Structures are given as C-alpha cells and as structure tokens.
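Reader: I'd like a close look at one part of this model, picked by you, with enough of the rest to place it. Could you walk me through it?

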Amino acid sequence: MSGQVAAAGRERIALSRASGVCRIALSRVGRVGRGVRWYVRELTGEAAYDRYVAAHARTHPDHAPLTRAQWWRARDDARESMAHERCC
C-alpha cells in the first residue's frame with residue numbers, strides 16, 4: 001500500500017515539474033511572440049499611428065484625431081514635400 005502511495009506521489013511531482021516546464025516554455029513563446037509583434041508594428045508604421053492618437057488625445061482632447069487613412073495621407077504628403085530638400 002505504501003508503495004502505491006509513494007508511486008502516486010512521485011507521479012504527482014513529475015506532473016507538477018512537467019507543467020512548470022510547460023508554463024515556462026509558453027511564457028517564453030509568448031514573450032517572443034510579443035517581441036515579433038512589436039517589431040512588425042514598428043517596421044510597418046502601425047505603432048506610429050497609435051502614438052499619434054495618444055499624443056493627440058493629450059494635446060487636443062476636444063478635437064477628434066485623423067482617421068488612419070487621413071493620417072497616412074498627411075504623413076506621405078509631408079514626406080513628399082520634404083523630398084526636394086535633400087541633396088541626394
């Protein structure tokens with residue numbers, strides 16, 4: 001009887017360790033996934049619009065921010081207008 005209890009205890013410990021390892025692995029996968037998501041959002045400019053909306057809410061709370069399409073158009077227009085200022 002005590003042998004069965006000891007075996008059951010060892011099994012519970014093994015399962016506990018395995019679940020701990022799985023939790024650690026999943027947290028690392030989640031951290032990597034969040035890092036990849038951040039990088040892609042920065043690379044594509046998606047995060048820039050979110051920063052614009054946050055800054056607009058702080059500085060102009062009484063006005064609605066530009067829509068995403070309007071903001072992209074204004075950003076592109078500003079970049080094109082500065083293109084002639086460069087030498088190369």
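Author: Sure, and let's set the scene before zooming in. Of the 88 residues in the protein chain, 11% count as buried. The chain exposes about 7,500 Å², with carbon and sulfur atoms supplying 62% of that. Its secondary structure comes to three helices and zero strands, so to speak an α-α-α run from the N terminus on.

Keep in mind that this is a predicted model. The mean pLDDT of the chain is 82, and 73% of its residues reach 70 or more. Among the elements, helix 2 has the highest mean pLDDT (94), while helix 1 (residues 2-44) has the lowest (77). As a general caution, where pLDDT is low, the predicted coordinates shouldn't be read in detail.

That makes helix 2 my pick for the close look. Helix 2 spans residues 46-59, and H56 lies in it. Is H56 buried or exposed? H56 has a relative accessible area of 11%, and because buried means under 20%, H56 counts as buried. What does H56 touch, leaving aside its neighbours within four places in sequence? The partners are P61, H63, A64 and P65.

For contrast, hop over to V36, which sits in helix 1. V36 is partly exposed, with a relative accessible area of 48%. V36 also helps make a nonpolar surface patch of about 660 Å², together with V32, W38, Y39, V40 and L43.

Notes:
Residues are numbered from 1 along each chain as its sequence is written. This is a predicted model: local features need pLDDT of at least 70, side-chain atom pairs count only at pLDDT 80 or more; totals for chains, interfaces and linings use all residues. Side-chain values use heavy atoms; hydrogens and water are left out. Helices (H or I, at least four residues) and strands (E, at least two) are DSSP runs, numbered from the N terminus. Buried means under 20% relative accessible area, exposed over 50%, partly exposed in between (1.4 Å probe, protein chains only). Contact means heavy atoms within 4.5 Å. pLDDT is the predictor's confidence in each residue, from 0 to 100. Patches are made of residues with over 30% relative accessible area and no salt bridge: like charges are joined within 9 Å, nonpolar side chains (Val, Leu, Ile, Met, Phe, Trp, Tyr) within 5 Å. Accessible areas come from the Shrake-Rupley method with a 1.4 Å probe; for residues, only the protein chains shown count as cover. A salt bridge is a side-chain nitrogen of Lys or Arg within 4 Å of a carboxyl oxygen of Asp or Glu.
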